[in-house]
Amino acid sequence: MTYQPASALLTAALDAAALGWSVFPLRPGQKRPALHGEEHCPGLGDCAGGHRKWEVRATSDPDRIRRAWDRIAFNVGIATGPSSLVVVDLDVPKGKGSSDAPCGADTFQALCERAGQPVPATLSVRTPTGGSHLYFTAPAGVRLGNSAGRLGPLIDTRAWGGYVVAPGSVTAAGAYEVTDPTAPAPFPTWLYSLLAPRQALRQLTGRPATTHRTGRYAAAALNAETASVESAPDGERNGTLLRAARALGRFIAAGDLGREVVEEALQWAGESAGLPSAECRATIRSGLNWSIARNAMRRTA
């Protein structure tokens, strides 16, 4: 693999920071964060007061960036949430070959056509595998999380809890390159309306707002359980998510919480903690189904 020189990647990081975006190092030639995980945290520097994840440690400070990229050719990650960005990730089918399966760009174009909207003109980056990233400024007053496939097959979004690889970075598959230098447009209202109901219209706290019918005890339990998932250490995240789902299932069985609200809250918390989206969904579904069935049997016993 041919790596970019450290100087070129430093320039890419500084260019992103100049736009007000928060960046952090990715492993040379890879897409994974280069920062230490909680289990290996030395408790020094940025982590002197406790482990700080990549999203918190991402920065737009030129001096910190120069120190980080001084000698090592780190790829550049852009933390989308702190950067006030929503990035639409249009992927391509894996091993597409001669298959006629539509790619994310085709599906996105069809989505725009059905909505009677043009494909938005905004900053666009081609990924090494042939996909693309569409950069938008995040809507004010809300805190969108990531989504996977909610807008359609092979269409993901990255916001709070997510990141994208910055243009100028290089992997074994190739380089991330700007294809449309247009300034990021505001995230379209019509696209936000497709995501917001399924993300329970999260407020700035990052957790879904509960309805007026929800008891204060149930609301407190929802907040406590999602907080425990968000802060779960490596190696315990899936187990913590399962326990949270089982704990909250009884409130669904009792009619104090809606299942969609609980699922959205736990999905956001699990993804924020670093769990894959599909793993979160499976664990949440398993925990809730077990708890709801168990509590239903207790009420009829």
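Helices are DSSP runs of H or I that span at least four residues and are numbered from the N terminus, and the close-up views below are drawn from a predicted model.

**View 1. Arginine 66 and aspartate 63 form a salt bridge in helix 3.** In this predicted model the closest N and O atoms of the pair are 3.5 Å apart. Because arginine 66 and aspartate 63 lie three residues apart in helix 3, which covers residues 62-68, about one helical turn separates them. Both partners are partly exposed, arginine 66 having a relative accessibility of 43% and aspartate 63 a relative accessible area of 47%.

**View 2. Lysine 94 forms a salt bridge with aspartate 91.** The closest N and O atoms are 3.0 Å apart, and this pair is one of eight salt bridges that the structure holds. Lysine 94 counts as exposed, with 68% relative accessibility, whereas aspartate 91, at a relative accessible area of 22%, is partly exposed.

**View 3. Aspartate 234 is joined to arginine 237 by a salt bridge.** Here the closest N and O atoms are 2.2 Å apart. Arginine 237 has a relative accessible area of 16% and is therefore buried, the cut-off being under 20%, while aspartate 234, with a relative accessible area of 29%, is partly exposed.

**Background to the views.** Side chains of opposite charge can pair when their charged atoms come close. Among the eight salt bridges of the structure are the pairs shown here, namely arginine 66 with aspartate 63, lysine 94 with aspartate 91, and aspartate 234 with arginine 237.

Definitions and conventions
Residues numbered from 1 in each chain as written. Predicted model: local features only at pLDDT ≥ 70, side-chain atom pairs only at ≥ 80, totals over all residues. Heavy atoms only, no water. Salt bridge = Lys/Arg side-chain N within 4 Å of Asp/Glu carboxyl O. Helix = DSSP H or I, 4+ residues; strand = E, 2+ residues; numbered from the N terminus. Buried < 20%, exposed > 50% of the residue type's maximum accessible area, 1.4 Å probe, protein only.
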